[in-house]
Amino acid sequence: MDNIKTRAQFDFYYQKNIAPEMFEKETVRKQYLNLWYVLMGINFIFFPFAVLLYKNCYQAGWIESLLYVIAIDFFAMLLLTLIVGGFYSQKIKQDIMLNLLHFFGNWECGRHVEIEKEVLKNSLLFGKFRDVETGDCFFGSYKEVNIKICEKSFYKYWLGIRSNKNKIETFDGLVLEIDMNKNFSSHTMVLKDSRWLNAFKLKSGYQKVALEDVVFEKEFEVLSKDQVEARYLLTPLFMEQILKLKKLYKGKKIELSFKDSKVLIAVKTSANLFEPCYLFKSATDAQPIYDVFEQFMTIFKIVDILKLYQKNVTL
């Protein structure tokens with residue numbers, strides 16, 4: 001089986017292929033950090049003039065003027081930090097990620113490999129969303145199983161009025177699309193059990209699937225268009241593996257959709273994943289790179305836990 005990697009192998013790969021590159025990236029980081037210092041210095045120099053200008057223009061007192069300018073100044077500093085940090089990340093992140101992904105084999109990154117919007121919509125895991133924001137996306141294989149990985153945020157609008165004021169985030173986290181070596185034609189969803197709210201999850205054409213695993217049914221609600229096919233997929237062993245998957249993500253909300261011989265897995269998390277570089281941390285610090293490595297290994301564990309690499313066998 002391909003793509004089976006260990007931490008020891010990555011240690012060797014990092015020292016040989018990534019570490020030398022990071023010394024070059026550190027020069028770039030210092031350039032952007034110096035730019036940030038200059039912008040903060042300009043901001044500091046003009047601070048008293050801004051207070052005086054506000055006081056004279058609005059005939060305000062010193063305390064009011066000072067507090068108002070401090071508030072504006074704080075947001076300006078935050079915005080400048082995000083902009084400079086964003087430009088720095090954009091400048092070097094692609095190179096670092098391509099180098100890191102090469103360790104895992106033939107992996108790609110970029111918007112051209114993201115999960116199709118129709119697939120997301122047809123999964124019914126994200127409700128009636130109107131807008132989708134996409135972060136990092138990756139595509140490759142592990143143990144001959146194709147995997148798409150995307151950071152996604154889904155939004156809807158209060159009363160359907162499209163404006164930032166009415167924008168409501170319905171999901172923020174990681175979405176995985178993984179091939180399965182089982183053929184099925186219907187659609188089955190494994191949703192977080194919401195107790196009495198479960199009645200509102202029952203969608204037209206779908207039936208609630210009663211399963212024998214009491215522990216599983218306390219954690220999840222299963223809806224399907226085909227009861228027989230749902231039980232074909234959700235064998236006792238597979239349900240046990242899904243519970244292990246939830247434990248892997250430390251009890252966070254995790255839901256699954258089985259459709260067109262693929263499983264779509266949605267993990268709700270606010271963590272900013274796949275960030276190998278930071279403006280205020282030396283590029284030669286290996287920890288962010290190792291964090292990304294561990295994030296990929298956690299995703300590969302999903303394939304292992306669910307045994308998605310097995311062919312023509314009962315899960």
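In the predicted model, the side chain of Lys143 is placed over the face of Tyr309, at 4.6 Å from the ring centre. A second arrangement of this kind involves Lys246, which lies over the face of Phe220 at 5.7 Å from the ring centre. Lys246 belongs to helix H6 (residues 236-248) and Phe220 to strand S7 (220-224). Helix H6 lies across S7 and also across strand S8 (254-259) and strand S9 (262-268). The direction of H6 makes about 140 degrees with that of S8.

The strands named above are part of an open sheet of nine strands with antiparallel pairing. The strand order in this sheet is S1-S2-S3-S4-S9-S8-S5-S7-S6. Its edges are formed by strand S1 (108-109) and strand S6 (207-208), each of which pairs on one side only. Within the sheet, strand S3 (residues 145-157) and strand S4 (residues 167-179) run antiparallel and are joined by eleven bridges. Phe154 has Phe171 of S4 as its bridge partner. Helix H7 (residues 287-306) packs on the sheet, where it touches strand S2 (131-142) as well as S3, S4 and S9. The angle between the directions of H7 and S3 is about 110 degrees.

Aromatic contacts were examined next. The structure contains 31 aromatic pairs. One of them joins Phe103 and Phe293, whose ring centres are 6.1 Å apart. The planes of these two rings meet at 65 degrees, over the limit of 60, and the pair is therefore edge-to-face. Because Phe103 is located in helix H2 (residues 62-104) and Phe293 in helix H7, this pair ties together parts that are 190 residues apart in sequence. Both Phe103 and Phe293 are buried.

Phe138 and Phe296 form a further pair, with ring centres 5.1 Å apart. Their planes stand at 75 degrees, so this pair, too, is edge-to-face. The contact links distant parts of the chain, 158 residues apart, with Phe138 in strand S2 and Phe296 in helix H7. Phe138 has a relative accessible area of 2% and is therefore buried. For Phe296 the relative accessible area is 0%, so this residue is likewise buried. Helix H7 thus contributes Phe293 to the pair with helix H2, and Phe296 to the pair with strand S2.

Technical notes. Residues numbered from 1 in each chain as written. Predicted model: local features only at pLDDT ≥ 70, side-chain atom pairs only at ≥ 80, totals over all residues. Heavy atoms only, no water. Pairing = 2+ DSSP bridges. Helix = DSSP H or I, 4+ residues; strand = E, 2+ residues; numbered from the N terminus. Contact = heavy atoms within 4.5 Å. Axes fitted to C-alpha atoms, helices over the stretch in contact; angles between N-to-C directions. Phe/Tyr/Trp six-rings, centres within 6.5 Å; stacked < 30°, edge-to-face > 60°. Buried < 20%, exposed > 50% of the residue type's maximum accessible area, 1.4 Å probe, protein only. Lys NZ or Arg CZ within 6 Å of the ring centre and 35° of its normal.
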